[in-house]
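Colleague: I have the sequence and the coordinates open side by side, and I'd like to walk through them with you. Could you start wherever you like and let me interrupt?

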Amino acid sequence: MKIAIYPGSFDPVTSGHLNIIQRAANIFDRLIVCVMVNASKSPMFSLEERVALIKRVTADLPNVEVDSSNELLAEYAKRKGSCVIVKGLRAGSDFENEFQMALINRQINPDLDTMFLTAEHQYTYLSSSTVKELGRYEVDLSAFLPEAIIPDFQERMNSNLQGGK
Ligand code: ADP
């Protein structure tokens, strides 16, 4: 059974992430979407909330599982019996960083490969931080976020704005 891991911050999960999840779920027997703890970021949604939002938008994908971890990704993959990490590659910006991480992960765990899926053209410039920036204004977010999570996003955005964040 081929198990792949799709790691990220997913703060929150965007339509670009969901597109990668759907495509990877078609390729592998099982896909584990893993929300990784990143101490350097102060997230909009807690780890548990991000997991719940991803679970909601992937409920129709039976071979997708959602998890969270604060382990080293290479160790996490080994523990889960996975030999492939899936990454989405957007225009320009992702390449250097992702290339470096793929090499480091392979050095730590030589059985681990990283597979890149190119972002769909309409999501090439989409990131969670862009959505958070747009969310400050009255912009229709349906092209950027899965419909099912837009109310959660707007509610959190409004309470953050009211709290001066
Ligand atoms: P970001 O906060 O930049 O959106 P994440 O850490 O949540 O990024 O992203 C997790 C993974 O998803 C990374 O491999 C990233 O390159 C990929 N990704 C993010 N946005 C997109 C997108 N719009 N299209 C394809 N892949 C994406």
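Modeller: Leaving out residues up to four places away in sequence, L61 touches I21 and Q22. Please keep in mind throughout that this is a predicted model.

Colleague: And where does L61 sit along the chain?

Modeller: L61 is in the loop between α2 and β3, and its C-alpha atom is separated by 7.8 Å from that of Q22, although the two residues are 39 apart along the chain.

Colleague: Is L61 buried or exposed, and why?

Modeller: L61 counts as buried because its relative accessibility is 16%, and the cut-off for buried is under 20%.

Colleague: Let's go to the sheet, then. What is the strand order?

Modeller: Five strands form an open sheet in the order β3-β2-β1-β4-β5, with parallel pairing. The edge strands, each pairing on one side only, are β3 (64-69) and β5 (113-118), and neighbouring strands are turned against each other by 30° on average, direction ignored.

Colleague: How many bridges are there between β1 and β2?

Modeller: β1 pairs with β2 (residues 30-36) over six bridges, in the parallel sense, and within β2 the bridge partner of A4 is L31. Between these two strands the chain passes through helix α1 (residues 15-27), giving a β-α-β crossover that is right-handed. On β4 (residues 84-89), β1 has two bridges, again parallel, and there the bridge partner of A4 is V84.

Colleague: What about β4 and β5?

Modeller: Those two strands run parallel and are joined by six bridges; V86, for instance, stands opposite M115 in β5.

Colleague: How much of β1 is buried?

Modeller: Strand β1 covers residues 3-8, and five of its six residues are buried. Helix α1 lies across β1, β2, β3, β4 and β5, and runs at about 120° to β5.

Colleague: Which residues have the most contacts inside the largest nonpolar core?

Modeller: That core has 34 residues, and those with the most contacts inside it are Y6, I21, L31, V33, I54, V86 and F153. At least two residues each come from β1, α1, β2, α2 (47-57), β3, β4 and α6 (150-162), and the largest share, five residues, is supplied by α1. As a general background, nonpolar side chains tend to be buried together in soluble globular proteins.

Colleague: Pick V86 from that list; what does it touch?

Modeller: Not counting residues up to four places away in sequence, V86 touches A4, I5, Y6, P7, I20, A24, F28, L31, M115 and L117. Apart from the largest core lies another one, of 11 residues, and I5, A74, Y76 and L112 are among them.

Colleague: Y6 came up as well. How many aromatic pairs are in the whole structure?

Modeller: A search of the whole structure finds two aromatic pairs. One of them is formed by Y6 and F10, which are edge-to-face, with 5.2 Å centre to centre and 75° between the planes, and both residues are buried.

Colleague: Changing topic: where is T14, and what does it contact?

Modeller: T14 is found in the loop between β1 and α1. Leaving aside neighbours within four places in sequence, T14 is in contact with L126, S127, S128, V131, F144, L145 and P146.

Colleague: Why does T14 count as buried?

Modeller: T14 counts as buried because its relative accessibility is 2%, where the limit is under 20%.

Colleague: And S129, where is that one?

Modeller: S129 is in helix α5, and its C-alpha lies 10.0 Å from that of F10, with their positions 119 residues apart in sequence counted as the separation. At 48% relative accessibility, S129 counts as partly exposed, because that class lies between the 20% limit for buried and the 50% limit for exposed.

Colleague: Last one, H121: buried or exposed?

Modeller: H121 is exposed, because its relative accessible area is 67% and exposed means over 50%. The place of H121 is in the loop between β5 and α5 (128-134), and in space H121 is 30 Å from E48, C-alpha to C-alpha, with the two residues 73 apart in sequence.

Terms used. Residues are numbered from 1 along each chain as its sequence is written. This is a predicted model: local features need pLDDT of at least 70, side-chain atom pairs count only at pLDDT 80 or more; totals for chains, interfaces and linings use all residues. Side-chain values use heavy atoms; hydrogens and water are left out. Buried means under 20% relative accessible area, exposed over 50%, partly exposed in between (1.4 Å probe, protein chains only). Helices (H or I, at least four residues) and strands (E, at least two) are DSSP runs, numbered from the N terminus. Two strands pair if DSSP finds at least two bridges between them. A crossover is right-handed if, with the strands pointing away from the viewer, the path from the first strand over the helix to the second runs clockwise. Rings of Phe, Tyr and Trp (its six-membered ring) pair if their centres lie within 6.5 Å; planes under 30 degrees apart count as stacked, over 60 as edge-to-face and the rest as tilted. Axes are lines fitted to C-alpha atoms, for helices over the stretch in contact, and angles run from 0 to 180 degrees between N-to-C directions. Contact means heavy atoms within 4.5 Å. A nonpolar core is a set of buried Ala, Val, Leu, Ile, Met, Phe, Trp, Tyr and Cys residues joined through side-chain atoms within 4.5 Å.
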